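Please work through the following exercises with the sequence and the three-dimensional model at hand. Each task is followed by a solution in steps.

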Amino acid sequence: MNQFSRTELLLGAEGLERLGNARVAIFGVGGVGGYVAEGLVRSGLGAIDLFDDDRICLTNLNRQLIATRKTVGQHKVDAMANRLLEINPDLKVETRRLFYMPDTADEVDLSVYDYVVDAVDTVTAKLELIVRCRDLGVRIISAMGAGNKLDPTQLRVADIYETSMCPLARVMRHELRKRGVRHLKVVYSTEPPRKIIDDPSISCRQHCICPPGTVRKCTVRRDIPGSTAFVPPVMGLIIAGEIVRELAQVEL
């Protein structure tokens, strides 16, 4: 018996071994990416690389797995790595305090990964990751918009060209088509985005409380969406489930 015995009952010994020999990169360790990471590690993933340049902010406490009063101000990748190693001390984990963009992309060798998770919120970064993975033949799954949503039952797994309703997916379809990307597995929501309450007294734009040292503060972000404690985590766990089944080669 071991900590993955219950998982082995479903994946089988060979499936669990394949998962234990796999290496996954997660770009963006926030409301979605944090739950992807934990779901994978609790399932028996052997190696994980975490990429994020943000620090934990007080406003992250409503949805991010690693956010507590004790971790506010810490780098997200560091807090996530510490948590994952408490779950599995034998895990191989690497952290990079990196904001992935075209000008930093060459610092990362994507070819070493069995799977890449795009859980970032910048279109430019998403496109760079997706195109590079396409060119290298590396599997990637991309998170679409989880903000301004209240119904996790409307989350779906689909090819990017079969999505609807999601504004981010619409932009991504247009840009990916121009780049010749014909397929991309995504998780998206069919729920229409809700209009957020226009109240300057609770706006991060005017009352930014990002911890000292934060590079991408709320005041420089294009949009600050509303978020919940249940939609981003469910999206993250759906992504984790897709990856586990593919890496372990288990059919539904």
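**Exercise 1.** Determine where L58 lies and classify its exposure.

*Solution.* Step 1: L58 is found in the loop between β2 (47-51) and α3 (76-87), where helices (H or I, at least four residues) and strands (E, at least two) are DSSP runs, numbered from the N terminus. The model is a predicted one, in which local features need pLDDT of at least 70 and side-chain atom pairs count only at pLDDT 80 or more, while totals for chains, interfaces and linings use all residues. Residues are numbered from 1 along each chain as its sequence is written, and side-chain values use heavy atoms, with hydrogens and water left out.

Step 2: The relative accessible area of L58 is 36%, so L58 is partly exposed; buried means under 20%, exposed over 50%, and partly exposed in between (1.4 Å probe, protein chains only).

Step 3: Together with L61 and V72, L58 forms a nonpolar patch on the surface, with about 190 Å² of accessible area. Patches are made of residues with over 30% relative accessible area and no salt bridge; like charges are joined within 9 Å, and nonpolar side chains (Val, Leu, Ile, Met, Phe, Trp, Tyr) within 5 Å. Accessible areas come from the Shrake-Rupley method with a 1.4 Å probe, and for residues only the protein chains shown count as cover.

**Exercise 2.** Describe how strand β2 is covered and paired.

*Solution.* Step 1: β2 is mostly covered, with 5 of its 5 residues buried. A47, D49 and F51 point one way from the strand, and I48 and L50 the other way.

Step 2: β2 pairs with β1 (23-27) in the parallel sense over 5 bridges; two strands pair if DSSP finds at least two bridges between them. Within β2, D49 is the bridge partner of A25.

Step 3: With a relative accessible area of 5%, D49 is buried. Leaving aside residues up to four places away in sequence, D49 touches R23, V24, A25, I26, E94 and Y113, contact meaning heavy atoms within 4.5 Å.

**Exercise 3.** Which residues of the largest nonpolar core touch the most other members, and which elements supply this core?

*Solution.* Step 1: A nonpolar core is a set of buried Ala, Val, Leu, Ile, Met, Phe, Trp, Tyr and Cys residues joined through side-chain atoms within 4.5 Å. The largest one has 45 residues, of which I48, L50, I239 and I243 touch the most other members.

Step 2: Elements that each supply at least two residues of this core include α1 (5-20), α2 (33-43), β2 and α6 (231-248). The largest share, 8 residues, comes from α6.

Step 3: Not counting residues up to four places away in sequence, the contacts of L50 include I26, A37, V77, L84 and V93.

Step 4: A second, separate core of 31 residues includes F51, Y113, V120 and V131. In soluble globular proteins, nonpolar side chains tend to be buried together.

**Exercise 4.** Examine the salt bridges, and classify the exposure of the partners.

*Solution.* Step 1: A salt bridge is a side-chain nitrogen of Lys or Arg within 4 Å of a carboxyl oxygen of Asp or Glu. The whole structure holds 16 salt bridges.

Step 2: R132 and D106 form a salt bridge, with their closest N and O atoms 3.0 Å apart. This pair links distant parts of the chain, 26 residues apart: R132 is in helix α4 (residues 123-136), and D106 is in the loop between β3 (92-96) and β4. R132 is partly exposed at 25% relative accessible area, whereas D106 is exposed at 66%.

Step 3: E175 forms a salt bridge with R179, the closest N and O atoms lying 2.7 Å apart. E175 is buried at 17% relative accessibility, and R179 is partly exposed at 37% relative accessible area.

Step 4: R194 and E191 meet through their side chains in a salt bridge (3.2 Å, N to O). With 4% relative accessibility, E191 counts as buried, while R194 is partly exposed at 47% relative accessible area.

Step 5: A network of salt bridges links R139, K185, E242, R245 and E246.
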